Amino acid sequence: TTKMRAIKVKLDENLGKTHAEFLRQAGYHAERIHDQGLSGWSDEEVWKKVCKEQRLFITLDKDFANLRKYPLGSHAGIVLLRPYSHSRTAVLRILEKLLSQYVLEDLYGCLVVADEYRVRIRRPSEAKR
């Protein structure tokens, strides 16, 4: 059995059961917006829930990359996945690549933008610059 990791993850409504299951198998406590009946909620409502639960948020929604609206260090972290195709497989490949290079605990409080080729990380310590 996989040991549960310290950080909890929330998957936005544009991510599926496959993605949640992949994260669970990697030892993360992963919940989907959809499974909590939050589909269709506004970004603001979803965000309040994510912050209240202190979860790292994984999304395909570029709006969450807005550092003015979602300042670094004010949350448990945002991982923005930028696949060229929004297919389940393309998204899963980026998640696999991300977890092969990082443990999510190391991304706490950060904004991470990941695509097929690279992972860019903005850390809270960089916010002051």
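So, strand 2: one of its faces is covered and the other is uncovered. On the covered face you find Ala 30 and Arg 32, while His 29 and Glu 31 sit on the uncovered one. Before I go on, please remember that we're looking at a predicted model.

Now, what does strand 2 pair up with? Strand 1 and strand 2 run parallel, and four bridges join them. If you trace the chain from one to the other, you pass through helix 1, residues 17–25. Strand 1, that helix and strand 2 together make a β-α-β unit, and the unit is right-handed.

Let's zoom in on one spot in that pair. Which residue of strand 2 does Lys 10 stand opposite? That's Glu 31. Their side chains also meet in a salt bridge, with 3.1 Å from N to O. Lys 10 belongs to strand 1 (residues 8–11) and Glu 31 to strand 2 (residues 29–32), so this salt bridge ties together parts that are 21 residues apart in sequence.

Are the two partners buried or exposed? Lys 10 is buried, because its relative accessible area is 0%, and the cut-off for buried is under 20%. Glu 31 comes out at 21%, so we call it partly exposed.

Glu 31 has another partner too. It forms a salt bridge with Arg 55, and the closest N and O atoms there are 3.2 Å apart. Arg 55 is in the loop between helix 2 (43–52) and strand 3, whereas Glu 31 is in strand 2, so here the pair ties together parts 24 residues apart in sequence. Arg 55 counts as buried, because its relative accessibility is 5%.

Next, have a look at Glu 53 and Lys 49. They form a salt bridge as well, with closest N and O atoms 3.2 Å apart. Glu 53 has 23% relative accessibility, so it counts as partly exposed. Lys 49, at 29%, is partly exposed too. And here's the nice bit: salt bridges with shared partners join Lys 10, Glu 31, Lys 49, Glu 53 and Arg 55 into one network. The structure as a whole holds eight salt bridges.

OK, on to a histidine. Where does His 75 lie? You'll find it in the loop between strand 3 (56–59) and strand 4 (78–81). His 75 counts as buried, because its relative accessibility is 6%.

What lies around the polar atoms of the His 75 side chain? The backbone oxygen of Tyr 70 is 3.4 Å from one polar atom of that side chain. The backbone nitrogen of Gly 77 is 3.0 Å from a polar atom of the His 75 side chain.

Leaving out residues up to four places away in sequence, His 75 touches Trp 47, Cys 51, Tyr 70, Tyr 108, Gly 109 and Cys 110. You may have spotted two cysteines, Cys 51 and Cys 110, among those contacts. So how many disulfides does a search of the whole structure find? Zero. Cys 51 is in no disulfide, and its nearest cysteine sulfur, the one of Cys 110, is 15 Å away. For a disulfide, the sulfurs would have to be within 2.5 Å.

One last thing about those two cysteines. Cys 51 has a relative accessible area of 30%, so it's partly exposed. Cys 110 is at 1%, so that one is buried. Both of them touch His 75, and that's where I'll stop.

Methods
Residues numbered from 1 in each chain as written. Predicted model: local features only at pLDDT ≥ 70, side-chain atom pairs only at ≥ 80, totals over all residues. Heavy atoms only, no water. Helix = DSSP H or I, 4+ residues; strand = E, 2+ residues; numbered from the N terminus. Buried < 20%, exposed > 50% of the residue type's maximum accessible area, 1.4 Å probe, protein only. Polar contact = N/O pair within 3.5 Å; in protein donor to acceptor, adjacent residues only side chain to side chain. Contact = heavy atoms within 4.5 Å. Salt bridge = Lys/Arg side-chain N within 4 Å of Asp/Glu carboxyl O. Pairing = 2+ DSSP bridges. Right-handed = clockwise from strand over helix to strand, strands pointing away.
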